[in-house]
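Visitor: I should like to learn how individual features of a model are read, one at a time. May we begin with a single residue and then proceed to larger elements?

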Amino acid sequence: MEHRRKGLEAFATPGPNGVSLSFTIPLGGCTPREMVPSMYNGICLDLQKTLVGIGRASIYKNVGNKVQVSLNVSRPHTVHQMMKLVGKCFRYCYKVEIPLCLYPMKAEIMERIREIMNTTDTSICVKIEGKVEAFICGKKEACLNARMKMFLVIEEAFGRVTEVRSASVPIKEVIEHGGRIFYRSRINSDECLVSHSGLHLSFKEPEKIVERLVLDSQKVTHLLLYKGAEIEDILSETQSYITTREISEDYTEMILRGFDLYEVRRARNKINLLYNAVMKMVVENMRYPSYDDVLVLQTRDVGCFMIIGEKETLLKIVEENGGYVEAEMDIEAETVEFLCGKKNGKITRIMRDVCCGIVIHKKQGSPRIHMVINGCSGAFQKAMQMIEDEFPEELTFYIDEKHHKRIIGYGGKNIQKIMKKHGVYIKFMNERERRRSAYRDNVVIKTPRKNVGNLISMKNDVMELIGCFKGDARILETAVSIHDFYDLGYPIYRLLYNEAVVKGSEVHASYYLKSEGHGVGAGPHLTFKLRNSNIWFIKTTEMLPLEKISTMHWLKGIERMSVFSWLFGHGYNSLFNTEREEKIKGKIHLVEASLLPKK
């Protein structure tokens with residue numbers, strides 16, 4: 001076995017001669033190209049202010065709407081302190097669709113957008129191409145505030161009563177009472193916009209279910225920077241909220257709150273999957289420290305690099321750079337026995353077969369188990385693949401309790417035969433066990449990831465024992481916009497942060513039509529008129545012989561409205577030609593020139 005060299009402990013204390021940090025800032029795939037210079041210049045400004053007197057930065061644009069940043073700090077800084085510098089310069093882009101039927105109020109809406117830009121310190125670009133969309137760009141908190149104000153403008157245009165609440169509001173109750181709800185964010189926030197047609201909505205905030213996770217602070221920072229959108233979707237779907245609290249430089253407590261034990265634990269499990277995919281790794285060699293979605297640290301006193309990122313990316317780095325590698329992954333306590341086997345038999349076999357070191361230990365202050373893997377790059381890659389193959393995968397389904405004994409058989413003979421055939425573990429739960437474990441179903445089957453294909457076969461064999469075979473039926477799911485979801489009232493849905501996923505039969509595209517007393521069929525539809533307007537509209541998925549509202553209704557007279565800065569991506573100057581923007585542009589160009597090296 002290879003002799004152990006400098007590893008993760010080398011980065012536990014601040015280097016006396018300074019530290020460097022390299023990372024990418026993804027500007028988002030939906031960001032209009034006209035907005036990229038403004039976001040890039042904002043990053044330059046923030047880094048200049050942040051590094052005054054302590055270091056310098058190198059910044060350049062990368063392909064695919066990404067910015068590559070390298071920070072060099074001359075004073076002693078811990079990894080935790082360096083990670084705090086990272087979040088201050090990130091930029092975000094949020095998209096809000098403006099319903100086509102609001103074209104009679106476009107002048108008022110554009111004026112309100114101008115006000116939102118000024119009050120939230122964001123840049124907003126309106127794009128008209130098939131639909132009308134507002135792109136909000138800037139720092140995260142500013143963008144979230146502007147996004148909420150945009151929804152407020154839209155809801156008021158429809159003449160609905162609006163109120164902003166700072167409380168955990170159960171969304172299903174709001175929808176059942178004909179209301180609509182738009183969340184600012186569910187991460188360290190519970191602010192939301194509730195709108196309704198005039199009926200007073202009074203909800204008593206229900207008792208909350210709370211789950212707590214104690215996680216590595218550096219990995220949490222990586223998760224919130226690069227996986228924030230996925231976490232928002234998880235929280236929206238499960239009606240849960242997250243509050244983060246820093247316990248120490250090493251650990252952060254993540255508190256999950258919600259209204260249903262099953263949903264809160266489902267959120268916890270999904271977030272755990274994202275978190276467990278993030279690793280810390282130390283490598284001796286790294287020729288090009290510019291990989292996507294990773295944080296690369298190097299101290300001047302240690303001749304190696306510490307990288308924080310997802311396993312898939314880290315394995316790619318190891319393959320391309322080679323050399324000695326040491327990596328640490330977190331494992332939940334309940335997973336350790338399944339992963340390691342009896343008396344660590346699986347881990348011992350991996351160490352013997354690939355000639356690497358694997359240490360399993362528990363750190364003070366953390367309830368999780370830590371696994372450290374070290375060795376040459378080839379052995380490390382093989383060990384990681386073998387360990388990944390042993391992680392558990394599970395499938396749940398429901399069988400009436402009256403059938404459990406018959407399936408298990410006398411002395412467990414029936415079920416043991418099926419378990420041996422498929423290499424899958426099965427557990428039957430009564431109602432009390434199911435509730436305590438927060439499962440919706442009462443049968444759980446588990447197997448190592450390398451054997452995941454046998455889960456469905458195992459389920460089918462178990463169901464056949466009671467003459468209740470059910471194939472793996474797939475439910476059709478379609479993503480629709482937030483306003484389509486609220487307008488057309490789909491009964492079965494999953495509500496995400498920026499859209500809804502409706503289940504069931506095929507969902508057709510929706511249209512806004514001018515109503516002329518024409519009747520509509522049995523399909524989903526909504527008849528309404530705007531605030532201070534006599535025009536009636538129909539929103540429907542049917543094709544009716546009525547005037548269809550399109551982007552052409554928005555484009556009429558557009559040349560007289562200076563707020564429209566970008567239409568179809570050509571023919572207009574990028575960004576808004578306001579006095580405020582021109583002043584900012586002048587400052588930004590100077591900063592950019594001072595920060596970037598001459599070519």
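Guide: We may. Please keep in mind that this is a predicted model. Let us begin with Leu-274, which lies in helix α8, residues 261-276.

Visitor: Is Leu-274 buried or exposed?

Guide: Burial is judged from relative accessible area, with under 20% counting as buried. Leu-274 has a value of 16%, and therefore counts as buried.

Visitor: Which residues does Leu-274 touch, leaving aside those up to four places away in sequence?

Guide: Its contacts are Leu-223, Glu-230, Ile-231 and Ile-234. One may also compare positions along the chain with positions in space: Leu-274 and Glu-310 are 36 residues apart in sequence, and their C-alpha atoms are separated by 8.9 Å.

Visitor: Let us turn to the cysteines. How many disulfides does the structure hold?

Guide: A disulfide is a covalent bond between the sulfur atoms of two cysteines. The structure holds 0 disulfides. For Cys-44, the nearest cysteine sulfur belongs to Cys-89 and is 9.8 Å away. Cys-125 is likewise in no disulfide, and the nearest cysteine sulfur, that of Cys-137, is at 7.5 Å. To be counted, a pair of sulfur atoms must be within 2.5 Å, so neither of these two cysteines qualifies.

Visitor: Are Cys-44 and Cys-125 buried or exposed?

Guide: Cys-44 is buried, with a relative accessible area of 1%. Cys-125 is also buried, at 1%.

Visitor: Where in the backbone does a positive phi occur in a residue other than glycine?

Guide: One such residue is Gln-239, with phi near 55°. Gln-239 sits in the loop that joins α7 (228-238) to β11 (241-246), and is buried at 13% relative accessible area. Another is Asp-293, not a glycine, with a positive phi of about 55°. Asp-293 belongs to the loop between β13 (278-283) and β14 (295-299) and is partly exposed, at 25% relative accessibility.

Visitor: How should I read a sheet, and what is the strand order in the open sheet of 3 strands?

Guide: Strands of a sheet pair through backbone hydrogen bonds, either parallel or antiparallel. Here the order is β19-β21-β20, with antiparallel pairing. The edges are β19 (392-397) and β20 (425-428); each has a single partner strand, so one side of each is left without a neighbour in the sheet. From one strand to the next, the twist averages 20°.

Visitor: Over how many bridges do β19 and β21 pair?

Guide: The antiparallel pairing of β19 with β21, residues 443-448, extends over 6 bridges. Within this pairing, Glu-393 stands opposite Thr-447 in β21. Helix α16, residues 454-465, packs on the sheet and touches β19, β20 and β21. The direction of α16 makes about 30° with that of β19.

Visitor: Finally, how many cavities of 30 Å³ or more does the structure hold?

Guide: There are 4 of them, and the largest has a volume of about 100 Å³.

Visitor: Which elements each supply at least two residues of the lining of the largest cavity?

Guide: These are α4 (140-157), β8 (180-183) and α17 (482-488). The largest share of that lining, 3 residues, comes from β8. Among the lining residues are Arg-147, Phe-151, Ile-181, Phe-182, Tyr-183, Ile-482 and Tyr-486. The lining also includes Arg-186, Ser-236 and Leu-495.

Methods:
Residues are numbered from 1 along each chain as its sequence is written. This is a predicted model: local features need pLDDT of at least 70, side-chain atom pairs count only at pLDDT 80 or more; totals for chains, interfaces and linings use all residues. Side-chain values use heavy atoms; hydrogens and water are left out. Helices (H or I, at least four residues) and strands (E, at least two) are DSSP runs, numbered from the N terminus. Buried means under 20% relative accessible area, exposed over 50%, partly exposed in between (1.4 Å probe, protein chains only). Contact means heavy atoms within 4.5 Å. Two strands pair if DSSP finds at least two bridges between them. Axes are lines fitted to C-alpha atoms, for helices over the stretch in contact, and angles run from 0 to 180 degrees between N-to-C directions. On a 1 Å grid over the protein atoms alone, a cavity is a set of points where a 1.4 Å probe fits but cannot get out, and a pocket is an open set with protein on both sides within 12 Å along at least five of seven lines; lining residues have an atom within 4 Å of a point. Grid points are joined across faces, edges and corners, and a volume is the space filled by probe spheres set on the points.
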